[in-house]
Amino acid sequence: MKDFLFVFRNDPAVMAGMSPEELQTSMKKWMDWIGGIAAQGNLVDRGNQLANEGNVVRPAKVVTDGPYIETKESVGGFIMVRAESLDEATEMAKGCPILSAGGNVEVRPIIRM
C-alpha cells in the first residue's frame, strides 16, 4: 500500500454564496465521504481545511499576499489516503463532494524521505 495526498481546489466564492442549510448539507456529504474511506481502512490523515488568506514566498525572498495562482481557484484543504495504486486512489477521489461544486481533487503519490 502507498500513501497519497488529495489536494482540494475550488473557487472560494462558491462556498461563500451558500446558505447555512447548504453548508450543513455539504459538510455532511464531506463527512460521509471521508467516513467511507476511513471505514475501508484507507484514511491515513483527515487533513484539514485551509484558510483563504496566506502568503507566498518566491525567489529572492519576495513575499506576495495569498496562496493564489492567477485564477479564481485556490487550495481549500487536503487529506491523506492509502491505496494500492494511483488508479485506486483516483477512484476514491471520484466520490469527493467538491466535484459537484465545480472544484477538483489533485491526487499525488507521497514519496517518503
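Hi everyone. Let's start with a strand pairing: E2, residues 43-49, and E5 run antiparallel and are joined by 4 bridges. Within that pairing, Asp-45 stands opposite Met-80 in E5. Before I go on, please keep in mind that this is a predicted model.

E5 has another partner to show you. Strand E1, residues 2-10, pairs with E5, residues 74-83, in the antiparallel sense, and 9 bridges hold that pairing. If you want to follow the register on your screen, Phe-8 stands opposite Gly-77 in E5, and Arg-9 has Val-75 in E5 as its bridge partner.

Now look at E1 again, with E6 this time. Those strands also run antiparallel, joined by 6 bridges. Phe-4, for example, has Pro-109 in E6 as its bridge partner. So how many of the residues of E1 are buried? The count is 7 of the 9, so E1 is largely enclosed by the rest of the structure. As a reminder for anyone tracing side chains here, in a regular strand they alternate between the two faces of the sheet.

One residue of E1 deserves a stop, and that is Asp-3. Is Asp-3 buried or exposed? Asp-3 has a relative accessible area of 10%, and because the cut-off for buried is under 20%, Asp-3 is buried. What does its side chain meet? The side chains of Asp-3 and Arg-82 are joined by a polar contact of 2.7 Å. Setting aside neighbours within four places in sequence, the contacts of Asp-3 include Val-44, Val-81 and Arg-82, and Arg-108, Pro-109, Ile-110 and Arg-112 are among them too.

Next, the aromatic residues, which I enjoyed looking at. There are 4 aromatic pairs in the structure. Take Phe-8 and Trp-30: their ring centres are 4.9 Å apart and their planes are at 85°, so this pair is edge-to-face. Phe-8 lies in strand E1 and Trp-30 in helix H2, so the pair ties together parts that are 22 residues apart in sequence. Phe-8 and Trp-30 are both buried.

Phe-8 has a ring partner in Trp-33 as well. Here the centres are 6.0 Å apart and the planes at 70°, so this pair is edge-to-face too. Again the pair links distant parts of the chain, with Phe-8 in strand E1 and Trp-33 in helix H2, 25 residues apart. On accessibility, Phe-8 comes out at 5% and counts as buried, while Trp-33 comes out at 11% and also counts as buried. Putting the rings together, Phe-6, Phe-8, Trp-30 and Trp-33 are linked by ring pairs into a cluster.

That brings us to the core. In soluble globular proteins, nonpolar side chains tend to be buried together. Which residues touch the most other members of the largest nonpolar core? Of its 17 residues, they are Phe-6, Phe-8, Trp-33, Ile-79 and Val-105. At least two residues of this core come from each of E1, H2, E5, H3 and E6, and H2 gives the largest share, with 4 residues.

Ile-79 is a nice one to click on. Not counting residues up to four places away in sequence, Ile-79 touches, among others, Phe-4, Leu-5, Phe-6 and Phe-8. Its contacts also include Trp-33, Ile-34 and Ile-37, along with Leu-43 and Asp-45.

Let's turn to helix H3, residues 86-93, where the buried residues are Ala-89, Met-92 and Ala-93. Viewed down the axis of H3, these buried residues fall within an arc of 100°, so they line one face of the helix. The cover over them includes E1, helix H2 (20-39), E5 and strand E6 (104-109).

Last stop: a loop with some backbone angles to check. Most residues other than glycine have a negative phi. Ala-60, though not a glycine, has a positive phi of about 65°. Ala-60 is in the loop between strand E3 (55-58) and strand E4 (62-65), and at 76% relative accessibility it counts as exposed. Lys-61 lies in the loop between E3 and E4 as well. Its phi is near 60°, a positive value in a residue other than glycine. Lys-61 is exposed, with a relative accessible area of 75%.

That's my tour. Thanks for listening!

Notes. Residues are numbered from 1 along each chain as its sequence is written. This is a predicted model: local features need pLDDT of at least 70, side-chain atom pairs count only at pLDDT 80 or more; totals for chains, interfaces and linings use all residues. Side-chain values use heavy atoms; hydrogens and water are left out. Two strands pair if DSSP finds at least two bridges between them. Buried means under 20% relative accessible area, exposed over 50%, partly exposed in between (1.4 Å probe, protein chains only). A polar contact is a pair of N or O atoms within 3.5 Å; within protein, one must be able to donate a hydrogen and the other to accept it, and residues adjacent in sequence count only if both atoms are side-chain atoms. Contact means heavy atoms within 4.5 Å. The arc is that of the directions from the helix axis to the C-beta atoms. Rings of Phe, Tyr and Trp (its six-membered ring) pair if their centres lie within 6.5 Å; planes under 30 degrees apart count as stacked, over 60 as edge-to-face and the rest as tilted. A nonpolar core is a set of buried Ala, Val, Leu, Ile, Met, Phe, Trp, Tyr and Cys residues joined through side-chain atoms within 4.5 Å.
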